[in-house]
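This report covers two topics: the cysteines, and the packing of one pair of helices.

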Amino acid sequence: MAGKALEATRLRVSEACCAVYIAHKTTDLTVAEIAREAEVAERSFYRYFPIKAESVGPVFDWTTRTFNEAVAAAPRDVPLQSVLRDGYRAMLGGDVADRTRNLFPLVFADAEMWSVFLRKVHDGERSLAPILASRLGIVTDSVFARTVAAAVASATRISLEEMITTGEDPEQIFLESLEAFSTGDLIER
């Protein structure tokens, strides 16, 4: 299978696996159960995902790609906060808001999937830094570019954690977290 076709197939199967987890309200399922309900051969499941926890990885890659594309495509005259909010909505809200609200509590409760999530957040941070650097007119591999990307990635993680623990609107928490990262209060204390 060619690269793009394989990536598309892995995403389709990952989405089906996520739907299975959500339907059962648990990730505590065997690969045989997941594969059967996701309508993929168990052997194919293992070809796409070496371990069960990796079955959520392509969905996380899609969220990162969606966010990055939204930020990169936004007009330069739109304020960065609005661009980031719109990117957040594209990756975790709108058509995928129900999946966000139902999948992430399951992922966060599963130590192996949590680990996959954290790795994907880190990968997303690294891929976002040059996009933000370009938008901000700063050096791509500068500490500032990396710090801004880290703040966005952390705000995303915090918003999902708060959604799970408090039930609050994750988009609002995302925006509040970005504001907290940008106020300078930490340095002043």
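A disulfide is taken here as a pair of cysteine sulfur atoms within 2.5 Å. By this rule the model has zero disulfides. The model is predicted: local features need pLDDT of at least 70, side-chain atom pairs count only at pLDDT 80 or more, and totals for chains, interfaces and linings use all residues. Residues are numbered from 1 along each chain as its sequence is written, and side-chain values use heavy atoms, with hydrogens and water left out.

The table lists two cysteines; buried means under 20% relative accessible area, exposed over 50%, and partly exposed in between (1.4 Å probe, protein chains only).

| Cysteine | Closest cysteine sulfur | Relative accessible area |
|---|---|---|
| Cys-17 | Cys-18, 6.9 Å | 0%, buried |
| Cys-18 | Cys-17, 6.9 Å | 0%, buried |

The sulfur of Cys-17 is too far from that of Cys-18 for a bond.

Cys-18 also takes part in a helix contact, where contact means heavy atoms within 4.5 Å. On the H1 side are Glu-7, Arg-10, Leu-11, Ser-14, Glu-15 and Cys-18, and on the H4 side Gly-57, Pro-58, Val-59, Trp-62 and Arg-65. By class, this contact has five nonpolar, two polar and four charged residues (Ala, Val, Leu, Ile, Met, Phe, Trp, Tyr, Cys and Pro count as nonpolar, Asp, Glu, Lys and Arg as charged, and the others, Gly among them, as polar).

Helices are DSSP runs of H or I with at least four residues, numbered from the N terminus. H1 spans residues 3–24 and H4 residues 57–73; they pack at about 110°, with axes 7 Å apart. H1 is therefore roughly perpendicular to H4, a term for angles of 65 to 115 degrees.

Methods: Axes are lines fitted to C-alpha atoms, for helices over the stretch in contact, and angles run from 0 to 180 degrees between N-to-C directions. Helices (H or I, at least four residues) and strands (E, at least two) are DSSP runs, numbered from the N terminus. Angles under 35 degrees count as roughly parallel, over 145 as roughly antiparallel, 65 to 115 as roughly perpendicular and the rest as oblique.
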